[in-house]
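Here is a structure to go through in short questions and answers. Each answer sets a value beside the definition behind the term.

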Amino acid sequence: MKILGSFPKTRLRRLRKSKWIRNLISENNISHKDLILPIFVREGKNKIEPIKSMPGVNRYSVDQLPKILKQVKFFKIPMVALFPYTPENKKNKIGSEALNSNNLICKSLRFIKNEFPEIGIMCDVALDPYTSHGHDGVIINNKIDNDETVKILTKQALLQAQMGCDVIAPSDMMDGRIGAIRSVLDKNSFKDVNILSYAVKYASNLYDPFRVAVGSSSKLKQDKKTYQMDYRNSFEAIREVGFDLNEGADMVMVKPGMFYLDIIYKIKKMFNVPVLAYQVSGEYSLIKNAIKNKLLKEEAIIESILSFKRAGACAIITYFAIDIAKKINSIN
Ligand code: PBG
């Protein structure tokens, strides 16, 4: 690209002289419409329990979900992502609670679809909140078995769709699961249920606060490097996305977010499909703690979200969604 203009005829600061002109020429913006709020659900009644690893984030019993959903509705945040904190006694080696039509996710889906029908709901497809070993799949001969796991995941996805889930989001990183899930959904008259694939999910150190939130962290003995991606790689991400799009994914996700902006940019350039970013728990807690300790100003949150937009993401899953929606109009 040829750069036109030169100093002193051209002064780039002329376009920064006031708030209104900065607003007029801004290349990227965020809106409440770009946000997805993750919500953790727990058993019991009348419970709102703070999560130690994620300051400011709570686990809600189903009856208390309106406390947070009223805010989601008020700020017109389009979608929430549900995650369960499964009681210990319901976990086992094969994560069978994932297929219980009365599990926390199913209960929440029915409740939210009834009480807040205008809010979109996405659900993770993976077994880690339900297994006694904390892995996303079943272990056979000491390995996470791909094909056996996919069989269970298709059932989990179908159950979620039957309960009213709008967007099925497989986060397990098994090969071939998008195609398998798409065909099961189509065969069962769920042709319009979306699939948002966690196509590019790295084996990251930034998920630990989340694992505490869903209660899998103390269970997990090894890392997830035999199924989640190696963070030294970027071209591999292109293969992952290509496969998932061929198998029927409507949208793809890059996860984590901030350390992987190069990947978001590449995927958007290459495929020009909806790319979503997940600002994961570790990113959240880092920024949140720095703000709490007065090392950073709150506007750092907005800056972090804008970085995803610049890179090419159309929407962001973030634990800051409500804080951002509150702030959006007061900044700039
Ligand atoms: C489970 C899952 C994880 C996250 C979302 N779904 C953790 C993991 O893969 O271990 C992480 C989200 C976050 O850190 O905020 N498959």
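Q: How many of the 332 residues of the protein count as buried?
A: The share is 55% of the 332 residues; buried means under 20% relative accessible area, with a 1.4 Å probe and protein chains only. This is a predicted model, in which local features need pLDDT of at least 70, side-chain atom pairs count only at pLDDT 80 or more, and totals for chains, interfaces and linings use all residues. Residues are numbered from 1 along each chain as its sequence is written, and side-chain values use heavy atoms, with hydrogens and water left out.

Q: What is the secondary structure of the protein?
A: It comes to eleven helices and twelve strands, which are DSSP runs (H or I, at least four residues, for helices; E, at least two, for strands) numbered from the N terminus.

Q: Why is the protein called as compact as a globular protein of that length?
A: Its radius of gyration is 20 Å, close to the 20 Å from the globule rule for 332 residues, so the description applies. The radius is taken over C-alpha atoms, and the rule is 2.2 Å times the number of residues to the power 0.38.

Q: What makes the pair of K224 and the ligand a polar contact?
A: A polar side-chain atom of K224 lies 2.7 Å from an oxygen atom of the ligand, and a polar contact is a pair of N or O atoms within 3.5 Å. S281 also has a polar side-chain atom 2.7 Å from a ligand oxygen.

How values were computed
A polar contact is a pair of N or O atoms within 3.5 Å; within protein, one must be able to donate a hydrogen and the other to accept it, and residues adjacent in sequence count only if both atoms are side-chain atoms. Buried means under 20% relative accessible area, exposed over 50%, partly exposed in between (1.4 Å probe, protein chains only).
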